[in-house]
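Please look over the structure below before reading on. The paragraphs after it lead from the whole chain to selected residues.

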Amino acid sequence: MVEPEERPSVAGQRLGAPESMGISTLEPGQRPPSMPPGRQISIHVQMLDDTQEVFEVSQRAPGKALYDLVCAHLNLIEGDYFGLEFQDNHKMTVWLDLLKPIIKQIRRPKNTILRFVVKFFLPDHSQLLEELTRYLFALQIKQDLACGRLTCNDSSAALLVSHIVQSEIGDFEEVQCKQHLLNNKYIPDQDTLMDKIMEYHRKHGGQTPAESDYQLLEIARRLEMYGVRLHPAKDREGTKLSLAVAHSGVLVFQGHTRINAFNWSKVRKLSFKRKRFLIKLRPDLNQSNCQDTLEFMMGSRNCCKVFWKICVEYHAFFRLFEEPKPKPKQVLLTRGSSFRFSGRTQRQVIDYVKDSEFKKVPFERKHSKIQSISGLSPFPNKHCAEGQGERNTIASGHQMDSPLGRTQVTVENSSHQRYTGSLTSHTNRCRNGTQDEGDARTKSSPSKQQAEHLSTGPDTSSPQHGESPPVATVMVNGQKQTLSLSQSPDGRQPSPLTSPLLTDTSFVRTDDEDEVRRKRFPTDKAYFIAKELLTTERTYLKDLEVITVCFQKYVGKDEVMPDSLSNLIFANFEPVYKFHESFLKDVEQRLAQWEGRSNAHIKGDYQRVGDIMLKNIQGLKLLTAHLQKHSEALLELEKTCRSSRKLEGLCRDFELQKVCYLPLNIFFLRPLHRLLHYKQILERLCKHYSPTHDDFRDSRAALADISEMVVQLQGTLIKMENFQKLLELKKDLIGIDNLAVPGREFIRLGCLSKLSGKGLQQRMFFLFNDVLMYTSRGMMPSNQFKVHGQLSLYGMTIHESEDEWGVPHSFTLIGLRQSVVVAASSASEMEKWLEDIKMAIELADKCNDPSSEILSSSFTDSKCPDESSADQESEDDLSASQTSLERQAPHRGNTTVHVCWHRNTSVSMVDFSVALENQLSGNLLRKFKNSNGWQKLWVVFTNFSLFFYKTHQDEYPLASLPLLGYSITIPSESENIHKDYVFKLHFKSHVYYFRSESEYTFERWMEVIRSATCSSSHIRSFSRKDVY
């Protein structure tokens, strides 16, 4: 046997990727390390499609060597989600340890069948980037349904089975469907649900197998028993329970009902002692009598240890960014278990697959009568055939023993057919770069592709031009065959396997890998416009859930909301929510196809989004009546709150919940704002496309439809934005009875310094179309602003008095009964205030006299009796204005009014409208001024703030950054930020760097953030109204 040579590290090798046993994860052509010497043993592995395969490995080989062979045979890239399980000598189901030798784990290999199954169940299957992976997950769901492990109600079970049937036999035909259900049993009580299954199946017409898998997983992941493996236990009282582990933490079940859950963030330590399994929790500051250690009794010590190991692996896989490093070995005494998680974490798997250049290869769906093709033509072209012939020719003259050992791969299906994967050999050589990706795609229609069968005959006719990689001899079905070292034993290109063996080097993302990631996905501007549609739609759907789910549940507890109001709100929001839920799925599927992550038969047909927009906007037009009712619902809610203190308190308490990250009434305007978002996206799309582009006609038609809706609803939106702002300001003010009177329009709010006998005092001014109010922040826990006076705008004049008083940027407001001298913080602030006040005076003079109704609703414009005491209070507050927002009391301490107070700035109604209409969402990398690494966050811009989430699935933001007062620039050379698409936010000593994924997203973030940091003039307010 020829021993492999030691080769130096190759330039471009993945940093931190160690050599693995079995298949090389290094550069193509490099020789993988040899398998440990020793007697070969046959291992039987049962796959998820019920086939059994036999692998021969060295008895001294670690579990990973076998696992790598299984993944290579399947051509599985995302193998880290799966594992090999078997029954040990205690009749307990355990996972094959990838680091330990196989012979130490499996005592009788000939009598043991390992099962290849899903090990880590994801909460969001859209994170699976390969269709093959989703297919294997779907097979796992199918198995769990059949054995009764995945329990659900009859409707859900019937719906799940209908998607399985659709993927196996295609579109509904009554006789065929009924016969198929009689021949195959998918759930225990299938006969009673056959009619319902057929009813659901009828609705899935045109759905491909890949789409059926997607829908199957989408339904399954919402079930309570999804991915749950129960481990019997008892609590201290002896009550029979079951423990399970999921991506979120440790779960406790009674029967099939979940009764408790311990999130990973609350768990301090997991341990076991003999039969006792212990969960130590972090102390809860809100509960003084909270029990910090929970104890469960399990059947034996081995049961405890098995469950503990699963918990350790789940926690590491879903919570850690990189594989944990091994603990140093104790020289003398050892304490506790040395077990740890071995392999890539979920974060590393996703990054690795995205960064790698893998082309789609066909795979066979055993039970499906519809052929699914994943990105490559089923027929090998001339170049691939030439490569195959030359490789076989060279192999016959340069045979050597394979470092993999003698490997036998036998594939058996239900019809007892055997194959050696010759087709996959062709397509995988194309994957290695022999064939251009564009040429590899079939030109036939998707329907034809589904009907055609894969060709399995090898073509070895022509010579190959180029150098062949080294070859070796392996045993396949008992016969010697030649095998390129860059192939797997079944003739397939090696997948970059799964979890590499542990070394001290951790996974580190390099700049080169970031560049590869950028190059992998489409670079067309239309793609990034479509991606913006997807990211903002996700945020929008979450905003709708605040009303339809969270608010409805919150007010439903005490039943204080009248039925008429409840029906008005929720009956008009729920249809909109369900519509956009379906719309989001369409956009997600289209983007997955566009990126090549789904069953995209003809790539060009999926590089568009106008058709989806047109279809859904036409559907949205049917909901116009519901959209018009949203403003009525907001008015009715405010009216009911004025008459019901209990409902008002309930709404106020709901606004303090984390999920309500904006004022509640803003969520009522979200559907109208979303129409403007669609219009902006379509305008950018039409501007980008040429008139001859395939997607131009649909995009232009969709733009026409959405523009018509915007014109129809724009008047309502402008009125409701003003009403919403008055309601929000009312919560920040005390000393005024009714701010939202008919006819009043908000114009601007902000800080000005008022000149009094004690000098300049900081005041908060509120400008409306009829009155100018000035306030100071009260010294009370609510942090509200106390109204001290108001000036009628009727007959008011303005006199610039900088020379008269010697105060920079000062001017005098001369009213009919009172005059005040104020100073702005800068010349630009002074210009904004003068412009808006002059406009407001013109509006008031057109009315010829002051509105008695408006003025009587508050109090006179003379100075308040306690004005002097208020001046003293504001002097104390001057120092507080320099402090951070975090020092304020929790109630109403972070509203726009308070941000303006602390940062000594102002905003207009036009600014508010622009900030709400320019909402943007997406992933950004954030870096602090003095930190080294970049942190990936889901960021939402709205209402003058950035809200930060770990992922788009989070229910509420982790933190927020109000942008008023901040400046946005591009980092200078001296700051040593040597990355593309980076922008910088800074306010005084606070500096943040943000990094986007492309030039388009970089420009969009710069655009929307500038809209929040650069105030608009009132002229835009008129133009905005006049257009509509």
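What follows is a walk through the overall make-up of the chain, its salt bridges, a surface patch and a few individual residues.

The model is a predicted one, in which local features need pLDDT of at least 70 and side-chain atom pairs count only at pLDDT 80 or more, while totals for chains, interfaces and linings use all residues. Residues are numbered from 1 along each chain as its sequence is written, and side-chain values use heavy atoms, with hydrogens and water left out.

The secondary structure of the protein chain amounts to 29 helices and 31 strands, where helices (H or I, at least four residues) and strands (E, at least two) are DSSP runs numbered from the N terminus. Of the 1028 residues in the protein chain, 57% are buried; buried means under 20% relative accessible area, exposed means over 50%, and partly exposed is in between, with a 1.4 Å probe and protein chains only. The accessible surface of the protein chain is about 46200 Å², and carbon and sulfur atoms hold 49% of that area, as computed by the Shrake-Rupley method with a 1.4 Å probe, for which only the protein chains shown count as cover for residues. Taking a contact as heavy atoms within 4.5 Å, one finds that, among contacts in the protein chain between residues at least 6 apart in sequence, 67% join residues at least 24 apart.

The salt bridges come next. A search of the whole structure yields 37 salt bridges, each being a side-chain nitrogen of Lys or Arg within 4 Å of a carboxyl oxygen of Asp or Glu. One of them joins the side chains of D80 and R344, at 3.7 Å from N to O. This pair links distant parts of the chain, 264 residues apart, with D80 in the loop between α1 (63–74) and β3 (82–87) and R344 in the loop between α8 (301–319) and α9 (346–355). D80 counts as buried because its relative accessible area is 5%, and R344 is likewise classed as buried because its relative accessibility is 4%.

A salt bridge also forms between the side chains of R608 and D698, with an N to O distance of 2.9 Å. Here too the pair links distant parts of the chain, 90 residues apart: R608 is in the loop between α16 (563–594) and α17 (610–621), and D698 is in helix α21 (residues 696–732). R608 is buried at 18% relative accessibility, and D698 is buried at 18% as well.

Helix α21 also holds K731, whose partner E655 is in helix α19 (residues 645–655), 76 residues apart from it along the chain. The side chains of E655 and K731 meet in a salt bridge of 3.1 Å, N to O. E655 counts as buried at 16% relative accessibility, whereas K731, with a relative accessible area of 30%, is partly exposed. Salt bridges with shared partners also join E532, R684, R1004 and E1007 into one network.

On the surface, R268, K269, R282, R319 and K950 form a positive patch. Such patches are made of residues with over 30% relative accessible area and no salt bridge, with like charges joined within 9 Å and nonpolar side chains (Val, Leu, Ile, Met, Phe, Trp, Tyr) joined within 5 Å. Lys and Arg count as positive and Asp and Glu as negative, while His and the chain ends are not counted. One member of the patch, K269, lies in strand β10 (residues 267–273) and is partly exposed at 44% relative accessibility.

R926, in strand β25 (residues 920–928), is buried, with a relative accessible area of 14%. Leaving aside residues up to four places away in sequence, R926 touches G933, W934, Q935, L937, F948, Y993 and F994.

Strand β29 contains S967, which is partly exposed at 32% relative accessibility. The C-alpha atoms of S967 and H986 are separated by 5.5 Å, although these residues are 19 residues apart along the chain. With residues up to four places away in sequence left out, S967 touches K984, L985 and H986.

Backbone angles give a last point of attention. Most residues other than glycine have a negative phi. H809, which is not a glycine, has a positive phi of about 60°; H809 is in the loop between α22 (802–805) and β22 (810–814) and is partly exposed, with a relative accessible area of 24%. Y981 also has a positive phi, near 60°, and is found in the loop between β29 (967–969) and β30 (982–987), where Y981 counts as partly exposed at 27% relative accessibility.

Conventions. Charge placed at Lys NZ, Arg CZ, Asp CG, Glu CD.
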